[in-house]
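Have the sequence and the 3D view open side by side for this one. We'll start at one strand position and work outwards from there.

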Amino acid sequence: MNRDPLPKYRFLVTLDPGDAYLPPAQALLLPLAASGAFQEVTGLGAQLEVTSYPEGGRNDSVHQLPLRHSWNRLVLKRGVARDPGLWAWYQAGLADSLGARRDGAVIVLGPDGVPGAAWAFHGGLAAKWTGPDLHAEQNAIAVESLEIAHEGLTKVLQDPAASLSPRPNRGR
């Protein structure tokens with residue numbers, strides 16, 4: 001099994017065509033969002049908000065207690081395409097935010113083109129669309145971006161050897 005780190009330049013993004021929150025007949029009426037060709041994906045991450053709780057009579061440390069978990073927005077960037085898929089998804093959310101939720105995934109490919117890691121996002125909304133910056137003096141690709149606010153990430157692909165290895169006993 002190859003243990004080399006995965007390259008960050010080979011990845012795919014998929015967006016489910018339907019909506020998990022609508023009946024199937026209504027979900028089919030939503031415009032499809034294209035999957036695939038993005039030049040950059042950022043925002044794969046999460047954070048746990050904690051609060052400090054000083055315990056009376058204990059002066060050597062402060063307890064850190066968890067409050068809530070939040071997910072970063074995924075930001076997809078690509079060259080402006082003539083396909084209206086991402087804009088149509090964003091526009092659908094302006095009219096009916098519950099009817100514009102999509103699930104999807106970010107898949108990182110290994111050097112051989114085989115998926116090596118993947119994260120699925122759930123209940124995604126197209127929260128912000130940004131058009132290209134245009135400069136007449138530059139010879140560059142026009143890039144648009146889409147921010148997806150979502151309700152959680154799930155690690156889809158994981159190393160099978162890691163899941164079979166024994167877990168260390170933590171004394172609990």
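Is E147 buried or exposed? In this predicted model, E147 is buried, because its relative accessible area is 17% and the cut-off for buried is under 20%. The residue is found in strand β8. If you ignore its neighbours within four places in sequence, E147 is in contact with two runs of the chain: R73, L74 and V75, and then L125, A126, A127 and K128.

Now slide along to S145, which also has its place in strand β8, residues 143-149. S145 is buried too, with a relative accessible area of 13%. Leave out residues up to four places away in sequence, and S145 touches V75, L76, K77, K128, W129 and T130. So V75 and K128 turn up in the contacts of both S145 and E147, because a contact means heavy atoms within 4.5 Å and each of these residues meets that limit with both.

Strand β8 also turns up when you look at helix α2, residues 85-95. Which residues of that helix are buried? They are G85, L86, A88, W89, Y90 and A92. An α-helix has 3.6 residues a turn, so residues three or four places apart point the same way. As for partners, the buried residues of α2 pack against β1 (11-15), β5 (74-79), β6, β7 (115-130) and β8.

Let's zoom out for a moment. The protein has 3 helices and 9 strands, and from the N terminus on they run β-α-β-β-β-β-α-β-β-β-β-α. Of its 172 residues, 28% count as buried. Among contacts between residues at least 6 apart in sequence, 67% join residues at least 24 apart. The accessible surface comes to about 11,800 Å², with 54% of that belonging to carbon and sulfur atoms.

For a contrast with the buried pair in β8, go to H69 in strand β4, residues 63-71. H69 is partly exposed, with a relative accessible area of 44%. Setting aside neighbours within four places in sequence, its contacts are A46, Q47 and L48. Take L48 as an example: H69 and L48 sit 21 residues apart in sequence, yet their C-alpha atoms are 4.5 Å apart in space.

Next, have a look at the second largest pocket, which holds about 190 Å³ of space. What lines it? The lining is made up of K8, R10, F11, Q39, E40, V41, T42, G43, L44, V106 and V108. Two elements give two or more residues to this lining, β2 (40-42) and β6 (102-109), and β2 gives the most, with 3 residues. By type, the lining divides into 5 nonpolar, 3 polar and 3 charged residues.

Finally, a word on how far to trust what you're looking at. The average pLDDT is 79, and 76% of the residues score at least 70. Confidence is highest in strand β3 (residues 46-53), at a mean of 95, and lowest in helix α3 (residues 160-164), at 46. Over residues 161-172 the pLDDT is below 50, and beyond near neighbours in sequence this stretch has 3 contacts in the model.

Definitions and conventions
Residues numbered from 1 in each chain as written. Predicted model: local features only at pLDDT ≥ 70, side-chain atom pairs only at ≥ 80, totals over all residues. Heavy atoms only, no water. Helix = DSSP H or I, 4+ residues; strand = E, 2+ residues; numbered from the N terminus. Buried < 20%, exposed > 50% of the residue type's maximum accessible area, 1.4 Å probe, protein only. Areas by Shrake-Rupley, 256 points an atom, 1.4 Å probe, with all protein chains shown as cover. pLDDT = per-residue confidence, 0-100. 1 Å grid on protein atoms, 1.4 Å probe; cavity = no way out; pocket = protein on both sides within 12 Å on 5 of 7 lines; lining within 4 Å. Points joined across faces, edges and corners; volume = space filled by probe spheres on them. Nonpolar A, V, L, I, M, F, W, Y, C, P; charged D, E, K, R; others polar.
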